[in-house]
Amino acid sequence: MSLVRMNFFAESLNMRVEVMAVLPEYPRQRERGENYKEKFPANRKFPVLYFMNGFTGDYTDGLTMMPVERFAQDTGIAVVMPSGLNSWYEDIKGNVHMKTFMSAELPAAMEALLPVSEKAEDRFLGGISMGARGAAMISAQYYDRYRAAICLSAPLYLPELLLNAAGHDRELMEQSLQLTFGGLQKEKAYDYYEITEKIIMEGKKIPEMLFLFGKEDPLYLSQYERFVSFANKFSLPAVCEAWEGGRHDFEFWEPAMKKAMEWLKQKTAE
């Protein structure tokens, strides 16, 4: 397993950014011998998960709050972790264009700089909370670029988000939604359900999704059943699970992330 920390200029964000990547070991990396070209074959490309942090988090969450290194090693899937900058992974007018960064610029940079696959069938999206919403939105809107998405505690219905800010300061959350979306009165332009329904009705195929929620999560009642109903109505290729006792925290997200990456591993073997 290798950790790679990179700093580079991102045009879509108009700033230098830091990204952490976790790479599994090469199959022959620990073998004795001096033929290092065979230990590190240049043509080996790992399947890759672009993983997005939650509100107020950053790229270190996967390393400090969850053992993503171990999950990457166990599954053979590289994990790339940028910082979400409280952007909700949207293109904010006059500010960062995080959706463009995640869907286009970041994969292009990583595929040039790291041994990760550029094939859509080997490319995954995932996230927790705000990042899970980003994974759901981007995978739907750019359906031809990803194999699947893993969404842990995704708040897809924003109008009810402020009813319970899931442990965050309500005023801070409201200010963030105002900055990103122009307030919830304009939320329809960013509505996951309206956007995805339109894509489906156009005959497009939405990537597979693993949608996990904890039943003790303050957002569970307003978010989980709504998505399950939508997924059933439109026959989305989604696996939905609600876990007893799970809350909106890393005690839930760590085992959920482990399960999610094992689910992705099955996809790479199909």
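Which residue's side chain does a polar contact join to that of Ser-129? The exercises below work through this and related points.

This is a predicted model, in which local features need pLDDT of at least 70 and side-chain atom pairs count only at pLDDT 80 or more, while totals for chains, interfaces and linings use all residues. Residues are numbered from 1 along each chain as its sequence is written, and side-chain values use heavy atoms, with hydrogens and water left out.

**Exercise 1. Describe the surroundings of Ser-129.**

Solution. Begin with its place, which is the loop between strand 5 (123–128) and helix 5; helices (H or I, at least four residues) and strands (E, at least two) are DSSP runs, numbered from the N terminus. Next, Ser-129 counts as buried because its relative accessibility is 8%, where buried means under 20% relative accessible area, exposed over 50% and partly exposed in between (1.4 Å probe, protein chains only). The opening question is then answered by His-248, whose side chain is joined to that of Ser-129 by a polar contact of 2.8 Å. A polar contact is a pair of N or O atoms within 3.5 Å; within protein, one must be able to donate a hydrogen and the other to accept it, and residues adjacent in sequence count only if both atoms are side-chain atoms. Finally, leaving aside neighbours within four places in sequence, Ser-129 is in contact (heavy atoms within 4.5 Å) with residues including Gly-54, Leu-152, His-248 and Trp-253.

**Exercise 2. Work out how helix 7 is placed, from its start to just after its end.**

Solution. At the N-terminal end, Asp-191 caps helix 7, with a side-chain oxygen 2.7 Å from the backbone nitrogen of Tyr-193. Within the helix, which spans residues 192–201, the buried residues are Tyr-192, Tyr-193, Ile-195, Thr-196, Ile-199 and Ile-200. They lie on the same side of helix 7 because they cover an arc of only 165 degrees around the axis, the arc being that of the directions from the helix axis to the C-beta atoms. These buried residues pack against helix 5 (130–141), strand 7 (208–214) and helix 8 (220–233), whereas the face turned away from the buried side carries the exposed residues Lys-198 and Met-201. Just after the helix, Gly-203 takes a positive phi of about 85 degrees.

**Exercise 3. Find the part that Tyr-192 plays in the largest nonpolar core.**

Solution. A nonpolar core is a set of buried Ala, Val, Leu, Ile, Met, Phe, Trp, Tyr and Cys residues joined through side-chain atoms within 4.5 Å. The largest one has 65 residues, and Tyr-192 is among those that touch the most other members, together with Phe-8, Met-102 and Met-110. Helix 5 gives the most to this core, with seven residues. Leaving aside neighbours within four places in sequence, the contacts of Tyr-192 include Ala-136, Met-137, Phe-227 and Phe-230.

**Exercise 4. Decide how Cys-151 and Cys-240 stand with respect to disulfides.**

Solution. The structure holds zero disulfides, a disulfide being a pair of cysteine sulfur atoms within 2.5 Å. For Cys-151, the nearest cysteine sulfur is that of Cys-240, 9.6 Å away, and this distance is too far for a bond. As for accessibility, Cys-151 counts as buried at 0%, while Cys-240 counts as partly exposed at 25%.
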